[in-house]
Amino acid sequence: MNEILHFLTQRSSASRLTEPAPIGEELQAIFAAALRAPDHARLRPWRFLSVSGERRIALGELFREALLLRNPDADQAAQDKAANAPLRAPLVVVVVTRLAEHPKVPYVEQRLSAGCAAHAILLAAEALGYAGIWRTGEVAFDRNLMRMLGLADNEEIAGFVYLGTREGEVRPVPQLAVAGFVTDW
Ligand SMILES: Cc1cc2nc3c(=O)[nH]c(=O)nc-3n(C[C@H](O)[C@H](O)[C@H](O)COP(=O)(O)O)c2cc1C
């Protein structure tokens, strides 16, 4: 199989991530790949928050605060889980969808474009020898959290892409039969 195609078919998420994460020129290259997401009318309906080092602790505190606003009764364990979430990888990229009113480009297309950008980040990171995983959860849809992060009213979170170096073995990718998903119509 063609090398690039093989790479595409073998992409796999890593739930356990450790140092190092991409930095500097490599991280720039990863974002450059994201900027090639298909994008109707070139609206550029995305931007990215790169959260690393100690800033992940600050992000975790916002996760905790947002959880307490959603559920003031959240117990200590739930709070700690929320606060520790960003520490699961050395780098967290918040993929932000920027929605704009456009006569030909409905919001769904802009959200899809942001999804493509997130995928491109995963692929580019893996191409450079790193690994990642796209995560959401309730916090990703929480308006309070979005405000705390400085998102405008027309912005939302497409996902948190956790990046770093894979810990443990690559899980074998599922062997799906193409025929099960494709119809010659
Ligand atoms: C929009 C979106 C949100 C996701 N949210 C989570 C999540 O919150 N937690 C999680 O463990 N996996 C989440 N996943 C799934 C993982 O990113 C990953 O795709 C899954 O673990 C399967 O692994 P694979 O990508 O290697 O097939 C999400 C995927 C997508 C596309």
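Trainee: What makes Trp134 and Val161 in strand 5 opposite partners?

Mentor: In this predicted model, Trp134 stands opposite Val161 in strand 5, and strand 4 (residues 131–135) and strand 5 pair in the antiparallel sense over five bridges. Strands here are DSSP runs marked E of at least two residues, while helices are runs marked H or I of at least four residues, both numbered from the N terminus. Two strands count as paired if DSSP finds at least two bridges between them.

Trainee: How do you know that strand 1 pairs with strand 5?

Mentor: Two bridges join strand 1 (residues 17–18) to strand 5, and the strands run antiparallel, with Leu17 standing opposite Arg166. Strand 3 (residues 91–98) also pairs with strand 5 in the antiparallel sense, over eight bridges, and there Val94 stands opposite Phe160.

Trainee: Why does Phe160 count as buried or exposed?

Mentor: Buried means under 20% relative accessible area, exposed means over 50%, and partly exposed lies in between, with a 1.4 Å probe and protein chains only. Phe160 has 1% relative accessibility, so Phe160 counts as buried. Phe63, with a relative accessible area of 4%, is buried as well, and in strand 5 (residues 155–166) 11 of the 12 residues are buried.

Trainee: Why is the pair of Phe31 and Phe48 called tilted?

Mentor: Rings of Phe, Tyr and Trp (its six-membered ring) pair if their centres lie within 6.5 Å, and planes under 30 degrees apart count as stacked, over 60 as edge-to-face and the rest as tilted. A search of the whole structure finds three aromatic pairs. The centres of Phe31 and Phe48 are 5.5 Å apart and their planes stand at 35°, so this pair is tilted. Phe31 lies in helix 2 (residues 24–34) and Phe48 in strand 2 (residues 46–52), so the pair ties together parts that are 17 residues apart in sequence.

Trainee: What makes the pair of Phe63 and Phe160 an edge-to-face one?

Mentor: For Phe63 and Phe160 the distance is 5.3 Å centre to centre, with 65° between the planes, and the pair is edge-to-face. Because Phe63 lies in helix 3 (residues 55–70) and Phe160 in strand 5, this pair ties together parts that are 97 residues apart in sequence.

Trainee: How should I read the numbering and the values?

Mentor: Residues are numbered from 1 along each chain as its sequence is written, and side-chain values use heavy atoms, with hydrogens and water left out. As the model is predicted, local features need pLDDT of at least 70 and side-chain atom pairs count only at pLDDT 80 or more, whereas totals for chains, interfaces and linings use all residues.
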